[in-house]
Amino acid sequence: MLIDTYGRVATDLRVSLTDRCNLRCTYCMPEEGLQWLAKPDLLTDDEIVRLVRIAVTHLGITEVRFTGGEPLLRPGLVGIVERVAALTPRPKMSLTTNGIGLKRTAAALRQAGLDRVNVSLDTLRPDVFKTLTRRDRHKDVIEGLAAAHDAGLTPVKINSVLMPGLNEDEAPELLAWAVEHSYELRFIEQMPLDAQHGWKRDGMITAGDILASLRTRFELTEEGSEERGSAPAERWVVDGGPHRVGVIASVTRPFCSACDRTRLTADGQVRTCLFASEETDLRAALRAEGPENSDENIARIWKLAMWGKKAGSGLDDPSFLQPDRPMSAIGG
Ligand SMILES: C[S@@+](CC[C@H](N)C(=O)[O-])C[C@H]1O[C@@H](n2cnc3c(N)ncnc32)[C@H](O)[C@@H]1O
């Protein structure tokens, strides 16, 4: 298993399938100029499936989340999902996506064995969407969400980031809409992971701001901690239920002591945390000749990497340095 020196056990694997994306969200990517990973550096579909197999059979991983960049841009996605679904034991499998193209692929992904999706949507206003993402694709996301729901990729969760001066007033509107469509909405505090290094703690919309804004329209009752488990989202029952809303307060109320995640970048590096300053290379072992390439050796390297996981993200430390890679390259 993947245990660290603080006794935390990682059972949840986030796999980035590509660093490329068809949106340019201001809090994540620059408008242009980001250097893409070179094709030969990317893991192949076979390499990804092999690493997931090792994680599931040797390291106790029970949940796999595909992300990116935008994972729907990976041509082999449906095949990867199908092969992971055939593993024993079969992990739970989900996808974090911007929803563009999901209209076309949702049914095939469900059939291949995907359990559910998280779709990112920050606004219900097409003009604000265009400003936030620098692309005019709002309609595609809305259609993607509906297709995911119809295909049974449920519960369909929505991830929203609120940005000052852009969509900060939209929390109640987003929640009313999510309740109406039976989507589960979660707000994520903006983290310092943008490529431009423009994040400012003073300017960000906090979990406290979001809850205060939601309470102008809804009655929220906090869910018990047993129900939360190691999930990053704190959840509130909306107007007596059954709907819930989540807030992931990565900055103001970090959940590092309960973290159960390990991350794999699209170029085969293990990261213990989004904010880690170090990565551990699995690709070299995967591509080596001889005993270095064995499942046991790859599992050993992965275990060693996770053993060194730090106690926290370091965000509260005055010496905190933003990771070199932006969120799109780490895999969100
Ligand atoms: C990096 S994206 C990758 C997957 C996919 N392209 C998507 O849009 O969901 C994953 C999630 O990270 C969130 N995200 C990206 N940059 C962020 C930041 N600086 N702070 C908080 N969340 C961020 C996005 O809003 C999205 O919900």
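In the predicted model, helix H6 (residues 171-181) lies across four strands, namely strand E7 (157-160), strand E8 (184-188), strand E10 (234-238) and strand E11 (244-248). The direction of helix H6 runs at about 155° to that of E8.

These four strands belong to an open sheet of twelve strands with mixed pairing. The strand order is E9-E10-E11-E8-E7-E6-E5-E4-E3-E12-E13-E14. Strand E9 (220-222) and strand E14 (280-281) form the edges, each pairing on one side only. Within the sheet, strand E3 (residues 12-16) and strand E4 (residues 63-67) run parallel and are joined by five bridges. One of the residues involved is Leu13, whose bridge partner in E4 is Val64. A further helix, H2 (residues 77-85), packs on the sheet, where it touches E4 and strand E5 (92-97). The direction of helix H2 makes about 160° with that of E5.

The ligand is surrounded by 19 residues, of which Tyr27, Gly69, Glu70, Ser120 and Met191 come nearest. By residue class, this shell comprises seven nonpolar, ten polar and two charged residues. Polar atoms of Gly69, Glu70 and Ser120 approach the ligand as follows. For Gly69, a backbone N or O atom is placed 2.9 Å from a ligand nitrogen atom. For Glu70, an N or O atom of the side chain is 3.0 Å from a nitrogen atom of the ligand. For Ser120, the partner on the ligand is an oxygen atom, which lies 2.6 Å from a polar side-chain atom of the residue. The ligand taken alone exposes 550 Å², and the protein buries 95% of this area.

Several loops contain notable backbone geometry. The peptide bond from Thr88 to Pro89 is cis, with omega near -5°, and Pro89 is located in the loop that links H2 to E5. The two elements flanking this loop are thus those that make about 160° with each other in direction. A second cis peptide bond connects Thr154 to Pro155, with omega near 0°. Pro155 occupies the loop between helix H5 (138-151) and E7, the latter being one of the strands across which helix H6 lies. In the loop between helix H4 (126-133) and H5, Arg134 adopts a positive phi of about 60° although this residue is not a glycine.

Notes: Residues numbered from 1 in each chain as written. Predicted model: local features only at pLDDT ≥ 70, side-chain atom pairs only at ≥ 80, totals over all residues. Heavy atoms only, no water. Pairing = 2+ DSSP bridges. Contact = heavy atoms within 4.5 Å. Axes fitted to C-alpha atoms, helices over the stretch in contact; angles between N-to-C directions. Near = heavy atom within 4 Å. Polar contact = N/O pair within 3.5 Å; in protein donor to acceptor, adjacent residues only side chain to side chain. Areas by Shrake-Rupley, 256 points an atom, 1.4 Å probe, with all protein chains shown as cover. Nonpolar A, V, L, I, M, F, W, Y, C, P; charged D, E, K, R; others polar.
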